[in-house]
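Trainee: Hello! Could we look at this structure together and talk through its salt bridges?

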Amino acid sequence: MSEITLPNFRPVSYSRVTLTELMIPSYANFGGKIHGGILLSLMDKVAYAAASKHAGNYCVTVSVDGVNFLQPVEVGELVSLLASVNYVGRTSLLVGIKVIAEDVRSGSVKHTNTSYFTMVAKDEAGRPTTVPGLSLESPEDSRRFLEAIKRREFRDRNKAEFDNALSALAVPQEMYLLQQERCKIVY
């Protein structure tokens with residue numbers, strides 16, 4: 001089997017993907033709004049499409065950052081997920097996803113959420129593999145790349161701080177905090 005040679009760099013525009021889907025009644029929850037899980041599944045699909053397109057390889061989801069549902073999505077709306085690779089490491093890619101919902105009857109469009117999926121490219125044996133670098137084609141691309149660096153720094157710093165706080169947690173000394181919460185100790 002011959003080895004495929006990937007380019008050293010690919011432009012952000014190469015990874016841009018839009019997925020549009022009609023929200024049907026079977027996607028709705030008991031409140032009549034579209035299940036968050038349906039939207040997460042669509043986000044995962046579009047993240048895979050953008051990442052694998054850039055990487056030229058199979059990609060897997062490693063983490064999801066920033067899934068905040070700003071507005072509900074209704075049955076009958078067209079949901080469009082706009083994705084592109086914002087940042088690349090050696091084997092990882094950060095895919096930014098903007099989700100918008102459009103009411104085709106009124107023409108109104110709403111931004112429902114923006115999320116970031118970290119993906120890792122895999123080779124034929126399932127091992128992480130190097131991805132092409134990212135050619136930044138605009139000031140917006142540069143801003144997104146820099147934001148991804150800051151997002152990673154912030155996440156790593158917060159994780160370390162949180163892990164330290166958990167390991168230092170002295171439950172008997174912190175029990176007074178429960179007095180202000182909606183819980184009852186029954187043991």
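Trainee: Is Asp-123 exposed, partly exposed or buried, and what is its relative accessibility?

Mentor: Good place to begin, and keep in mind that this is a predicted model. Buried means under 20% relative accessible area and exposed means over 50%. Asp-123 falls between those limits, so it counts as partly exposed, at 23%.

Trainee: Which residue forms a salt bridge with Asp-123?

Mentor: The closest N and O atoms of the pair are 3.3 Å apart, within the 4 Å that a salt bridge needs. The partner counts as exposed, at 52% relative accessibility. That partner is Arg-127.

Trainee: Which residues are joined into one network by salt bridges that share partners?

Mentor: Here the bridges have partners in common, and this links the residues into one network. Its members are Glu-140, Arg-143, Arg-144 and Glu-147.

Trainee: How many residues apart in sequence are the parts that Glu-74 and Lys-33 tie together?

Mentor: Glu-74 and Lys-33 form a salt bridge, with their closest N and O atoms 2.8 Å apart. Glu-74 lies in the loop between β3 and β4, and Lys-33 in the loop between β2 and α2, so the pair ties together parts whose separation is 41 residues.

Trainee: Are Glu-77 and Lys-110 buried or exposed?

Mentor: Their side chains meet in a salt bridge at 3.4 Å, N to O. Glu-77 is in the loop between β3 and β4 and Lys-110 in strand β6, 33 residues apart. Both Glu-77 and Lys-110 are buried.

Trainee: And how many salt bridges does the count come to?

Mentor: The pairs we discussed, including Glu-74 with Lys-33, belong to this kind of contact. The count comes to 12.

Definitions and conventions:
Residues numbered from 1 in each chain as written. Predicted model: local features only at pLDDT ≥ 70, side-chain atom pairs only at ≥ 80, totals over all residues. Heavy atoms only, no water. Helix = DSSP H or I, 4+ residues; strand = E, 2+ residues; numbered from the N terminus. Buried < 20%, exposed > 50% of the residue type's maximum accessible area, 1.4 Å probe, protein only.
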